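These are my notes from going through one chain, entry by entry. I looked up side-chain contacts, burial and the places of the residues involved.

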Amino acid sequence: QVQLVESGGGSVQAGGSLRLSCVASGNTARTNCMGWFRQAPGKERERVGVIDTGGGGSIYYADSVKGRFTLSQDNAKNTLFLQMNSLKPEDTAMYYCRAYWGFNYCKYSLPSQPNYWGQGTQVTVSS
(Lines give C-alpha, C1' and ligand atoms only; values in the text may rest on other atoms or scores of the structure.)
Protein backbone atom coordinates (compact mmCIF):
# COMPACT_ATOMS: atom_id res chain seq x y z
CA GLN A 1 0.00 0.00 0.00
CA VAL A 2 1.10 3.55 -0.76
CA GLN A 3 0.15 6.68 1.16
CA LEU A 4 0.42 10.12 -0.38
CA VAL A 5 0.23 13.28 1.71
CA GLU A 6 0.00 16.66 0.02
CA SER A 7 0.75 20.06 1.48
CA GLY A 8 1.44 23.61 0.36
CA GLY A 9 -1.91 24.73 -0.92
CA GLY A 10 -3.41 28.08 -0.01
CA SER A 11 -4.83 31.32 -1.30
CA VAL A 12 -2.85 33.73 -3.46
CA GLN A 13 -3.50 36.59 -5.80
CA ALA A 14 -3.11 36.24 -9.53
CA GLY A 15 0.52 36.33 -10.52
CA GLY A 16 1.64 34.77 -7.27
CA SER A 17 3.37 31.48 -6.57
CA LEU A 18 2.84 28.37 -4.52
CA ARG A 19 4.84 25.19 -4.04
CA LEU A 20 3.00 21.95 -3.46
CA SER A 21 4.64 18.92 -1.86
CA CYS A 22 3.63 15.27 -1.91
CA VAL A 23 5.32 12.82 0.42
CA ALA A 24 4.99 9.16 -0.53
CA SER A 25 5.30 6.31 1.95
CA GLY A 26 4.97 2.59 1.41
CA ASN A 27 6.03 0.47 -1.50
CA THR A 28 5.87 2.39 -4.77
CA ALA A 29 7.77 -0.27 -6.70
CA ARG A 30 4.72 -1.29 -8.74
CA THR A 31 4.00 2.24 -9.91
CA ASN A 32 5.78 3.93 -12.79
CA CYS A 33 4.10 7.32 -12.92
CA MET A 34 3.73 10.04 -10.32
CA GLY A 35 2.25 13.44 -10.64
CA TRP A 36 -0.32 16.10 -9.90
CA PHE A 37 -3.91 16.29 -11.00
CA ARG A 38 -6.50 18.94 -10.25
CA GLN A 39 -10.23 19.28 -10.15
CA ALA A 40 -12.17 22.51 -10.16
CA PRO A 41 -15.82 22.66 -9.08
CA GLY A 42 -18.08 21.32 -11.79
CA LYS A 43 -15.19 20.11 -13.92
CA GLU A 44 -13.50 16.80 -14.54
CA ARG A 45 -10.22 15.97 -12.89
CA GLU A 46 -7.34 16.80 -15.21
CA ARG A 47 -3.69 16.00 -15.36
CA VAL A 48 -1.36 18.88 -14.48
CA GLY A 49 2.07 17.28 -14.65
CA VAL A 50 3.41 13.76 -14.40
CA ILE A 51 6.85 12.16 -14.14
CA ASP A 52 7.55 8.82 -15.75
CA THR A 53 9.33 7.36 -12.73
CA GLY A 54 9.67 3.94 -14.31
CA GLY A 55 11.62 5.05 -17.35
CA GLY A 56 13.89 7.95 -18.12
CA GLY A 57 12.18 10.46 -15.88
CA SER A 58 10.36 12.25 -18.68
CA ILE A 59 7.92 14.90 -17.50
CA TYR A 60 4.63 15.71 -19.16
CA TYR A 61 2.68 18.90 -18.55
CA ALA A 62 -0.78 20.05 -19.46
CA ASP A 63 -0.67 22.76 -22.12
CA SER A 64 -2.40 25.16 -19.76
CA VAL A 65 0.50 25.10 -17.27
CA LYS A 66 3.54 24.79 -19.52
CA GLY A 67 6.09 27.47 -18.77
CA ARG A 68 4.46 28.31 -15.43
CA PHE A 69 4.53 25.06 -13.43
CA THR A 70 7.55 22.88 -12.73
CA LEU A 71 7.58 19.34 -11.44
CA SER A 72 10.54 18.00 -9.48
CA GLN A 73 11.48 15.15 -7.18
CA ASP A 74 13.57 14.56 -4.11
CA ASN A 75 14.05 10.81 -4.31
CA ALA A 76 15.92 10.62 -1.02
CA LYS A 77 12.84 12.04 0.73
CA ASN A 78 10.25 10.34 -1.50
CA THR A 79 8.80 13.75 -2.21
CA LEU A 80 7.27 15.22 -5.34
CA PHE A 81 7.04 18.98 -5.75
CA LEU A 82 4.97 21.22 -7.96
CA GLN A 83 6.27 24.77 -8.22
CA MET A 84 3.47 26.97 -9.52
CA ASN A 85 4.33 30.45 -10.77
CA SER A 86 2.30 33.15 -12.49
CA LEU A 87 -0.86 31.67 -11.05
CA LYS A 88 -4.17 32.51 -12.68
CA PRO A 89 -7.72 32.39 -11.31
CA GLU A 90 -8.39 29.44 -13.61
CA ASP A 91 -5.75 27.47 -11.68
CA THR A 92 -8.12 27.43 -8.71
CA ALA A 93 -8.83 23.79 -7.89
CA MET A 94 -8.22 20.94 -5.50
CA TYR A 95 -4.82 19.50 -6.35
CA TYR A 96 -4.20 15.80 -5.91
CA CYS A 97 -1.02 13.79 -5.89
CA ARG A 98 -1.17 10.44 -7.64
CA ALA A 99 1.14 7.43 -7.95
CA TYR A 100 0.09 4.79 -10.45
CA TRP A 101 1.03 2.34 -13.13
CA GLY A 102 0.44 4.02 -16.46
CA PHE A 103 1.24 3.76 -20.14
CA ASN A 104 1.41 5.89 -23.24
CA TYR A 105 3.40 8.66 -21.58
CA CYS A 106 1.51 8.10 -18.32
CA LYS A 107 -1.70 9.25 -19.98
CA TYR A 108 -3.61 6.07 -19.24
CA SER A 109 -3.96 3.51 -16.47
CA LEU A 110 -5.76 0.24 -16.02
CA PRO A 111 -8.27 -0.60 -13.27
CA SER A 112 -6.32 -3.72 -12.41
CA GLN A 113 -3.06 -1.86 -11.85
CA PRO A 114 -1.83 0.11 -8.81
CA ASN A 115 -3.41 3.53 -8.49
CA TYR A 116 -3.03 5.71 -5.39
CA TRP A 117 -4.36 9.19 -4.63
CA GLY A 118 -3.67 11.67 -1.90
CA GLN A 119 -6.43 13.57 -0.08
CA GLY A 120 -5.79 16.77 -1.98
CA THR A 121 -4.78 20.32 -1.15
CA GLN A 122 -6.82 23.37 -2.13
CA VAL A 123 -5.34 26.12 -4.29
CA THR A 124 -7.32 29.33 -4.66
CA VAL A 125 -6.19 32.16 -6.93
CA SER A 126 -8.00 35.47 -6.73
CA SER A 127 -8.00 38.12 -9.42
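**Entry 1: a surface patch**

I looked up leucine 110 and found it in the loop between β11 and β12 (115–117). The model is a predicted one, and I read every entry below with that in mind. Leucine 110 has a relative accessible area of 37%, so I put it down as partly exposed. What does Leu110 form together with Phe103 and Tyr108? The three make up a nonpolar patch on the surface, and their accessible area together is about 280 Å².

**Entry 2: nonpolar cores**

I then turned to the interior. As a general matter, nonpolar side chains in soluble globular proteins tend to be buried together. Here the largest nonpolar core has 27 residues. Which of its residues touch the most other members? I noted Leu4, Trp36, Leu82, Met84 and Tyr95. I also checked which strands supply at least two residues each to this core: they are β1 (2–7), β3 (18–26), β4, β5 (46–52), β7 (69–74), β8 (79–84), β9 and β13 (121–126). Another core, of five residues, lies apart from that one, and its members include Cys33, Val50, Tyr100 and Cys106.

**Entry 3: aromatic pairs**

I counted six aromatic pairs. For phenylalanine 37 and tyrosine 100, the ring centres are 6.2 Å apart and the planes stand at 70 degrees; an angle over 60 counts as edge-to-face, so I entered the pair as such. Phenylalanine 37 belongs to strand β4 (residues 33–39) and tyrosine 100 to strand β9 (residues 93–100), so this pair ties together parts 63 residues apart in sequence. Both phenylalanine 37 and tyrosine 100 are buried.

I went on to tyrosine 60 and tyrosine 105. Their ring centres are 5.6 Å apart with the planes at 70 degrees, so this pair too is edge-to-face. It links distant parts of the chain, 45 residues apart: tyrosine 60 is in strand β6 (residues 59–61), and tyrosine 105 is in the loop between β10 (102–103) and β11 (108–109). Is each of the two partners buried or exposed? Tyrosine 60 has 17% relative accessibility and the cut-off for buried is under 20%, so I list tyrosine 60 as buried. Tyrosine 105 has a relative accessible area of 52%, which is over 50%, so I list tyrosine 105 as exposed.

I also noted a cluster in which ring pairs link Phe37, Tyr96, Tyr100 and Trp117.

**Entry 4: arginines over rings**

Two rings of that cluster have an arginine to record. Arginine 45 lies over the face of tyrosine 96, 3.8 Å from the ring centre. The charged end of arginine 98 is placed over the ring of tyrosine 100, and the distance to the ring centre is 3.8 Å.

**Entry 5: salt bridges**

How many salt bridges does the structure hold? I found four. I began with glutamate 46, whose side chain meets that of arginine 38 in a salt bridge at 2.6 Å, N to O. Glutamate 46, at 35% relative accessibility, is partly exposed. Arginine 38 has a relative accessible area of 6% and is buried.

Arginine 38 also forms a salt bridge with aspartate 91, where the closest N and O atoms are 2.9 Å apart. This pair links distant parts of the chain, 53 residues apart, with aspartate 91 in the loop between β8 and β9 and arginine 38 in strand β4. I noted a relative accessible area of 0% for aspartate 91, which is therefore buried.

The side chain of aspartate 91 meets that of arginine 68 in a salt bridge as well, at 2.7 Å, N to O. Arginine 68 is in the loop between β6 and β7, 23 residues from aspartate 91, and the pair again links distant parts of the chain. Arginine 68 counts as buried at 10% relative accessibility. I drew these as one network, since salt bridges that share partners join Arg38, Glu46, Arg68 and Asp91.

**Entry 6: a glycine**

Last, I looked up glycine 120, which lies in the loop between β12 and β13. At 23% relative accessibility, glycine 120 is partly exposed. Its C-alpha atom is 6.9 Å from that of cysteine 97, and the two residues are 23 residues apart along the chain.

Notes
Residues are numbered from 1 along each chain as its sequence is written. This is a predicted model: local features need pLDDT of at least 70, side-chain atom pairs count only at pLDDT 80 or more; totals for chains, interfaces and linings use all residues. Side-chain values use heavy atoms; hydrogens and water are left out. Rings of Phe, Tyr and Trp (its six-membered ring) pair if their centres lie within 6.5 Å; planes under 30 degrees apart count as stacked, over 60 as edge-to-face and the rest as tilted. Helices (H or I, at least four residues) and strands (E, at least two) are DSSP runs, numbered from the N terminus. Buried means under 20% relative accessible area, exposed over 50%, partly exposed in between (1.4 Å probe, protein chains only). A charge sits over a ring if NZ of Lys or CZ of Arg is within 6 Å of the ring centre and within 35 degrees of the ring normal. Patches are made of residues with over 30% relative accessible area and no salt bridge: like charges are joined within 9 Å, nonpolar side chains (Val, Leu, Ile, Met, Phe, Trp, Tyr) within 5 Å. Accessible areas come from the Shrake-Rupley method with a 1.4 Å probe; for residues, only the protein chains shown count as cover. A nonpolar core is a set of buried Ala, Val, Leu, Ile, Met, Phe, Trp, Tyr and Cys residues joined through side-chain atoms within 4.5 Å.
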